[in-house]
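Student: I keep getting lost when I look at this thing as a whole. Could you pick out chain A and take me through it closely, including how it meets its partner chain?

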Amino acid sequence: MTSPTVPLRLFVNGDRHEIQVEPRKTLADALREDCGLTGTHLGCEHGVCGACTILVDGKPARACLMFAVQCEGMSIRTVEGLAPDDETLHPLQQAFWDNHGLQCGFCTPGFLMLAAGVLEENPEPTEEELVEALSSNLCRCTGYQNILKATQCAAEAMRE
Amino acid sequence: MIGGSARRVEDPVLLRGRGRFAADSTVSGQLHLRVVRAGVAHGLLRGIDTTAALAVPGVAAVWTAVDVADLPPIDFRLTALDEQRPYRQPVLARTRVRYVGEPVAVVLASSEYVAEDAAELVEVDIDPLPAVLDGSGDVVPWLTAEEASWGAQREIAMGLGSESAEIRLEYGDVAAAFAAAHRVVEVDVTIGRHSGVPLECRGVSARVDPSTGVLVVDGAAKVPFWNRDAIARMIGWNPRDVHLREGHVGGGFGPRGELYPEDVLVPLAAVRLGRPVRWIADRQEDLVSTNHSRDQRHVLRAAVDETGVVTALDGQFWTDQGAYVRTHSATVSSLTASMLPGPYRVASYRVSGRIRMTNKTPAGTYRSPGRYEGTFARERLMDQIANELGLDRLEVRRRNFIPVEEMPYQRPIQAMGTELIYDSGDYALLMDKLEERFELARLRADVQRRRAAGECVGIGYGWFVEKSGLGPYEGAEVEVDTTGAVTVTTGTSSVGQGVDTVLTQVVADVLDVDLDRVRAVRGQTDRFGYGRGAFATRQSVMAGSAVLKAAEAVRVKALTVAAEHFEISPDDLEVVQGGIQVVGNADARISLGEVAALLEPQHANRLGLTPGLLAEEWFHCDHMTYPYGVHVSVVRIDRETGGPTVERYLVGYDVGKALNPTLVEGQITGGVAQGLGGALLEEFRYDEAGQPQASTFMDYLMPTMHEMPPVDVLVTEDAPSPLNPLGIKGAGEGGVTAAAACIASAIDDALQSPGFVTRTPVRPDLIRAHLATTGTHH
Ligand code: FES
Ligand code: FES
């Protein structure tokens, strides 16, 4: 019942990954299992929770809703590629840390990537716009208040 | 540093996506387990045909109950009631299925996709029976004598009914109080079925290390030590040879980490098949297999005098337990019963709680178990008393508070096997402080003005007492290496609350070292002897106290060695920035790393000391601490849709002493979100055949950022606990406890219909129907 695999080239965080996947494999599974990037989490595999949010060609996308083969040649960014290096955090990561924007941290990669996509598109969102955009992901621990605050702080830092 | 708002030591790893959650590790050659689950709520198991599934290439095994017939049922961990043993769950259904989602078979295959495909080919033949879905209706036959005997693991002569236990508590003279009452006030209210629903689904992996023969189980959480012993017992191994490891855990809240059928099946498969095995739940199975919670109906009667003082409380409640009694046994109901009177004196009290079996997913604890439910019922009752006596809602509460002069206050009943003694508290003071800090008078005036102008808006209150710091013990080892790096090892667990940070802070404070010099090790059953786990908001209290003692012992030992070294009295030494120096002479200094080096075995022997700069200490406590608080909310209702919007949320909570105020506030705000979800959105509903109506996140609605009001928290430290050296009371649950009570109170106020809310979640259609009948619809 195993379907034949196809070769696939994914560009993730600037690295090229040559992998073999079944056509029915989701992008999330391919990233986690074939590229070894387990920072992209799965909370529902159903497009609702947003834990799997990544950037595909700069836009936030649900990795659980895409097939890996759809992403041939596209530029993918995951949480592992957010920080510039091992010493420095991305302003969003820094702000989440400073503002206690995470507890268990399971939703965090999804929120970081969602926020990164939102702020790259609109560096100066109003609070309303931000709440609207960030409401597409779920967090069960924080009550969101600090996620909003952290994103606002990061937006400010990123404009500087 | 204790009491400081340090940033969390856990965060950098998580922020970089380097966490190790249950699904994040794979090993080559591992098998994937897929559970075949019952599709009907109740029925007799006629047969299971596994032929087609076994024929799928890549399938290594398919098991049904006969393959695991030697396994006993899953045992109780807490509040074990003997009469509930017959109701325990087998790891795979034996003769009958009792809820949709019950495991009936497992498939083990070379990939997740193959396992899933093969599982669909397992044919399960079930004779459906009518489903029992009413947790407070008539008692019906539930177990045959054979089933009861198997569940209890002893001979039981007769079948048993659907009431698995009744909890009774009583003190004072209830009958006399009712006979003398000025008035009797009654409510009949129900709190819906919902649960913790951590964002990470459950998962477990296991393998036998061929070089040592040790069974290594990953994906543990909350209570790894207890689960290690339970797994070892069930599969007949020595606990020594079973090792549970907790990695990162994507939220706990009560359900996560308890011992479920899959937690036994996966290790067993690894042992029997000689290959690594892994199982990761998908969301749908998580929602029907992981413990549900709440779901209690309360009928409460209060005898009150003319001033609104409750002279007696007479309560009956029913807990809808679902299909089996799992690890928590009677915990939830027993907590409901003992904590029901809350912050009020209540001179006489009687309660009966019935734990009823139904054909739903089994229920267990969820953050603030028994108190969220009981607080909702009791605070509905307090509002009703205010209404019937024409009193202000908060005034009624003040008149019933246990006054500060009576602390510590003993209620002559038990809670979780301990005497119920409220250790400290000044309820009236907290209310005053909240009034002042958040200018409640202004808030009330504002709400009134808006209502006069035609808006449907109200303010609500909920008072509560929590409990935390359940003992009886926790231990800790603190060790400094020769570079001065510190390791603190405990038997605690982390389900995401930041326990590493808190324990690290305690160590850093005592040894005056930077936080990043301390590493916390926990949740590893081969690194520490005992651990009671992450539940009942007990870790800061218990482990925090043990760590404090261990760090202090290390400090004393370091001072002893340094005193020898400088040939000076320890009294003339001080601990400064990770070193020890002579008071007033920073040049005469030895670092903690150097002290550790002096304690290598031979030198230590010459000094007459045990080797190493380390100490293990234990903290014991037989009583719980009782934090307390109040919630206030403002709720607006849309007259067209009936939709409620929580506009503002205020919490006052006294935690005795906050180890890290930022984390305390984070716990509270997160709790409010879950409490709000239970009050307005979340519900595991079933149709009349017992089919779950909420098995995806499309139907099980959790609050998003959009539904969350601004939450303001006032954390006070007016009533430190006399029961532990730091004075702390746990902060994990107080954000959730009174949320349903408080939001219900605000909705009643908005509608100007006291007593309207009698059940949660308060759905918009219920409000709209009410608006239609009362003609307040414009
Ligand atoms: S896992 Fe993709 S949205 Fe939930
Ligand atoms: S931090 Fe746990 S789900 Fe968001």
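Tutor: Let's sort out the labels before anything else: helices (H or I, at least four residues) and strands (E, at least two) are DSSP runs, numbered from the N terminus. Keep in mind that this is a predicted model. To try the labels out, hop over to chain B for a second: B:Pro408 sits in the loop between helix α11 (393–400) and strand β18 (409–415) of chain B. That proline is joined to B:Met407 by a cis peptide bond, with omega about -10°. There's another such spot in chain B, where a cis peptide bond links B:Thr760 and B:Pro761, again with omega about -10°. B:Pro761 is also in a loop, the one between α19 (739–751) and α20 (764–774) of chain B.

Now for chain A. The domain assignment splits chain A into domain 1, residues 6–81, and domain 2, residues 91–159. Going by C-alpha atoms, the centres of these two domains of chain A are 21 Å apart. How many residues of each domain of chain A are in contact with the other? Domain 1 of chain A brings 18 residues and domain 2 of chain A brings 16. Together, domain 1 and domain 2 of chain A bury about 1200 Å² between them, and 59% of that is on carbon and sulfur atoms. On the domain 1 side, look for A:His41, A:Thr53 and A:Val79: these three supply 34% of the area that domain 1 of chain A buries against domain 2, more than any other three residues.

The domain boundary in chain A has charged and polar links too. Two salt bridges are counted between domain 1 and domain 2 of chain A. You can find a salt bridge in chain A where the side chains of A:Lys59 and A:Glu121 meet, at 3.7 Å from N to O. The interface between domain 1 and domain 2 of chain A also has seven residue pairs in polar contact, both at pLDDT 80 or more. As for which elements of domain 1 touch domain 2 of chain A, the ones giving two or more residues are β3 (53–56) and β4 (59–62) of chain A.

Next, zoom in on the helix α5 of chain A, residues 145–159. With 15 residues at 1.5 Å a residue, α5(A) should span 21 Å, and its end C-alpha atoms are 22 Å apart, so the two values agree. Which residues of α5(A) are buried? They are A:Asn146, A:Ile147, A:Leu148, A:Ala150, A:Thr151, A:Ala154 and A:Ala155. Here's a handy bit of background: an α-helix has 3.6 residues a turn, so residues three or four places apart point the same way. As for what sits over the buried residues of α5(A), the cover includes α2 (91–98), α3 (108–121) and α4 (127–134) of chain A.

Finally, step back to see how chain A meets chain B. Here 51 residues of chain A are in contact with 58 residues of chain B. The area buried between chain A and chain B is about 4500 Å², with carbon and sulfur atoms giving 58% of it. There are six salt bridges between chain A and chain B. A good salt bridge to click on is the one between the side chains of B:Asp24 and A:Arg32, at 2.7 Å from N to O. Add to that 25 residue pairs in polar contact between chain A and chain B, both at pLDDT 80 or more. Which helices does chain A use on this side? The helices α1 (27–34), α2, α3, α4 and α5 of chain A each supply at least two residues of the side that touches chain B. Of that side of chain A, the largest share, five residues, comes from α2(A).

So α2 of chain A is worth a second look: α2(A) is among the helices that help cover the buried residues of α5(A), and α2(A) also gives the largest share of the side of chain A that touches chain B.

Methods. Residues numbered from 1 in each chain as written. Chains lettered and ligands numbered in written order. Predicted model: local features only at pLDDT ≥ 70, side-chain atom pairs only at ≥ 80, totals over all residues. Heavy atoms only, no water. Expected span 1.5 Å × (residues − 1). Buried < 20%, exposed > 50% of the residue type's maximum accessible area, 1.4 Å probe, protein only. Contact = heavy atoms within 4.5 Å. Domains from an automatic or database assignment. Buried area = accessible area lost by both parts, 1.4 Å probe. Salt bridge = Lys/Arg side-chain N within 4 Å of Asp/Glu carboxyl O. Polar contact = N/O pair within 3.5 Å; in protein donor to acceptor, adjacent residues only side chain to side chain.
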